[in-house]
Amino acid sequence: MTGIAHSIKISLWFYRRIHFTIGYEAFKIRLETTKVNARNTSSICPRLGCRSRLKDIGGRTLKCPKCGFIGDRDVVAIINLSHEYLRCGMPRGRPKRSQAR
Ligand SMILES: [Zn+2]
């Protein structure tokens with residue numbers, strides 16, 4: 001195994017472990033979990049009513065050219081996912097069920 005392949009394997013192991021742990025802890029308290037596609041979740045401004053495409057300003061930080069919002073790309077993704085799937089506690093679409101159970 002090459003150094004790059006080993007690095008990828010180690011970094012994916014960490015995310016798989018987090019995914020498993022969240023599913024396991026949710027299962028223990030009988031919460032339903034879902035797996036959603038995170039594609040493009042950090043590219044749209046999370047301010048309600050804006051929805052402009054964000055520009056990368058370096059250091060994993062994004063800025064909205066329309067409203068001036070500045071935020072970390074991971075935080076932006078979480079805000080957009082919460083807008084999409086946690087409205088009134090019900091998802092808008094039908095995301096795939098988690099395989100981590
Ligand atoms: Zn904006």
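The following dialogue asks how the labels given to this predicted model are justified.

Trainee: What should be known about the model and its numbering?

Mentor: The model is predicted: local features need pLDDT of at least 70, side-chain atom pairs count only at pLDDT 80 or more, and totals for chains, interfaces and linings use all residues. Residues are numbered from 1 along each chain as its sequence is written.

Trainee: Which elements does the protein chain have, and what makes a run of residues a helix or a strand?

Mentor: Helices (H or I, at least four residues) and strands (E, at least two) are DSSP runs, numbered from the N terminus. The protein chain has two helices and five strands, in the order α-β-β-β-β-α-β from the N terminus.

Trainee: How do you know that the length of α1 fits a helix?

Mentor: The expected span is 1.5 Å times one less than the number of residues. For the 26 residues of α1 that gives 38 Å, and the end C-alpha atoms are 37 Å apart, so the two agree.

Trainee: Why is K55 called exposed?

Mentor: A residue is buried if 20 or more other C-beta atoms lie within 10 Å of its own, exposed if 12 or fewer, and partly exposed in between, with C-beta atoms placed from the backbone. K55 has 11 such atoms within 10 Å, so K55 is exposed. K55 lies in strand β2 (residues 55–58).

Trainee: Why is I79 called partly exposed?

Mentor: I79 has 19 C-beta neighbours inside 10 Å, therefore I79 counts as partly exposed. I79 belongs to helix α2 (residues 73–85), and its C-alpha atom is 9.5 Å from that of C45, 34 residues apart in sequence.

Trainee: What makes α1 hardly covered?

Mentor: The count of buried residues among the 26 residues of α1 is zero. In the protein chain, buried residues make up 9% of the 101 residues.

Trainee: What makes the phi of R30 notable?

Mentor: Most residues other than glycine have a negative phi. R30 is not a glycine, yet its phi is positive, about 60 degrees. R30 sits in the loop between α1 (3–28) and β1 (34–35), and counts as exposed because 6 C-beta neighbours lie inside 10 Å. N40, also not a glycine, has a positive phi near 65 degrees. N40 is in the loop between β1 and β2 and counts as exposed, with 10 C-beta neighbours inside 10 Å.

Trainee: Which residues make up the largest nonpolar core, and what makes a set of residues a core?

Mentor: A nonpolar core is a set of buried Ala, Val, Leu, Ile, Met, Phe, Trp, Tyr and Cys residues joined through C-beta atoms within 7 Å. The largest has six residues: C45, L54, L62, C64, V76 and A77. Two residues are in contact if their C-beta atoms, placed from the backbone, lie within 7 Å. Not counting residues up to four places away in sequence, L54 touches seven listed residues, including C45, L62, C64 and V76.

Trainee: What makes β3 and β4 a pair?

Mentor: Two strands pair if DSSP finds at least two bridges between them. Strand β3 (residues 61–63) and β4 have three bridges, in the antiparallel sense, so they pair. The bridge partner of T61 in β4 is D72.

Trainee: Which strands form the open sheet, and why are two of them called edge strands?

Mentor: The order of the open sheet of three strands is β2-β3-β4, with antiparallel pairing. The edge strands are β2 and β4 (70–72), because each pairs on one side only.
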